[in-house]
Amino acid sequence: MEDLYQHFRPNEKDYIDLAVDWVRRVSDTYAPYLTSFLDPRQAYILATIVAQYPDLQVSYWGGHPGAERQRSLIYPEYLPTHELSYDIAGFEIDYPHKFNKLSHGQIMGSILGTGIKRDKLGDIISDSGRWQFFIDQGLSDFITIQVDRVGSSPVRLYSLDQTDIIDNQEDWTVDQVIVSSLRLDSFIASCLNLARSKAKSLVDQDRVKLNFGQVDQAGLVLEEEDMVSVRGFGRLQFLRAVKQTKKDKVLIEVKKLLHK
């Protein structure tokens with residue numbers, strides 16, 4: 001286990017222990033195990049663990065193509081894939097479009113406000129005013145009854161057929177940015193054109209997540225592919241370091257999804 005921990009950050013230890021327990025359970029019982037919705041970092045860690053078991057496989061599905069949050073199935077390699085089920089339900093939110101606008105945050109707040117845990121909720125997607133979300137199938141009846149309002153707008157939920165799923169519209173861009181260092185606060189400041197002190201305060205105010213988990217260390221050094229989420233601003237993914245500049249700074253490539 002110590003060899004496994006060294007490949008990941010210290011704050012990921014608890015999740016690693018949990019994932020190892022899932023994998024060992026399948027290895028010991030030969031029965032498949034279905035996880036709740038995982039973020040991409042959690043899915044990557046799980047895949048790394050499963051790779052150490054040659055007789056096991058892991059597959060992912062989030063209810064729609066390209067899903068960010070997905071449920072994972074860990075199963076013996078001999079098990080036919082047509083016998084696997086991810087137990088995901090999709091819903092469309094019907095609301096008066098002419099008089100109201102919904103947001104991702106409002107929808108998530110309304111769903112989680114019912115008492116549902118975050119890992120039971122998958123993606124919330126949008127396309128030209130239409131909104132859909134994906135959830136643990138076992139909560140379908142509950143969520144249909146409980147959610148009748150998002151923000152100030154009355155809503156009704158309708159079950160989704162696979163053919164009704166919209167194409168999620170996210171306006172990611174790729175930029176090159178010069179940073180003084182790969183510290184988290186320096187990265188945020190340079191990518192968002194903020195003072196470094198402001199970037200540090202965002203971390204101190206718990207408004208920053210690293211790889212989908214809360215982070216409280218502004219001086220933490222980033223690694224390639226790290227995803228940084230800044231509440232109120234958007235998401236930043238550090239893709240790669242391009243080169244060192246003449247002034248000992250670093251030119252990096254960053255993928256951005258910023259709030260408009």
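Biologist: With which side chain does the side chain of D226 make a polar contact?
Modeller: This is a predicted model, in which local features need pLDDT of at least 70, side-chain atom pairs count only at pLDDT 80 or more, and totals for chains, interfaces and linings use all residues. Residues are numbered from 1 along each chain as its sequence is written, and side-chain values use heavy atoms, with hydrogens and water left out. D226 lies in the loop between β12 (213-214) and β13 (227-230), strands being DSSP runs of E of at least two residues and helices runs of H or I of at least four, numbered from the N terminus. At 2.8 Å, in a polar contact (N or O atoms within 3.5 Å, one able to donate a hydrogen and the other to accept it, residues adjacent in sequence counting only if both atoms are side-chain atoms), the partner of the D226 side chain is that of R9.

Biologist: Is D226 buried or exposed?
Modeller: Buried means under 20% relative accessible area and exposed over 50%, with partly exposed in between, for a 1.4 Å probe and protein chains only. With a relative accessible area of 2%, D226 is buried.

Biologist: Within what arc do the buried residues of α2 fall, seen down the axis of the helix?
Modeller: Helix α2 covers residues 13-29, and its buried residues are Y15, I16, A19, V20, W22, V23, V26 and S27. These buried residues line one face of the helix, because the arc they fall within, seen down the axis, is 155°.

Biologist: Which exposed residues does the face of α2 turned away from its buried side carry?
Modeller: Just after α2, Y30 takes a positive phi of about 60°. On the helix itself, the face turned away from the buried side carries the exposed residues D14 and D28.

Biologist: Which strands stand at the edges of the open sheet of four strands?
Modeller: The order in this open sheet is β5-β6-β4-β9, with antiparallel pairing, where two strands pair if DSSP finds at least two bridges between them. Each edge strand has a single partner strand, so one side of each is left without a neighbour in the sheet, and these strands are β5 and β9.

Biologist: Which residue in β6 stands opposite L121?
Modeller: Strand β5 (residues 121-127) is largely enclosed by the rest of the structure, because seven of its seven residues are buried. It pairs with β6 (residues 130-136) in the antiparallel sense over five bridges, and I124 stands opposite F133 in β6. The residue in β6 opposite L121 is I135.

Biologist: In the hairpin of β5 and β6, which residue takes a positive phi?
Modeller: This hairpin has two residues between the strands. The residue with a positive phi, near 50°, is S128.

Conventions:
Expected span 1.5 Å × (residues − 1). Arc of directions from axis to C-beta.
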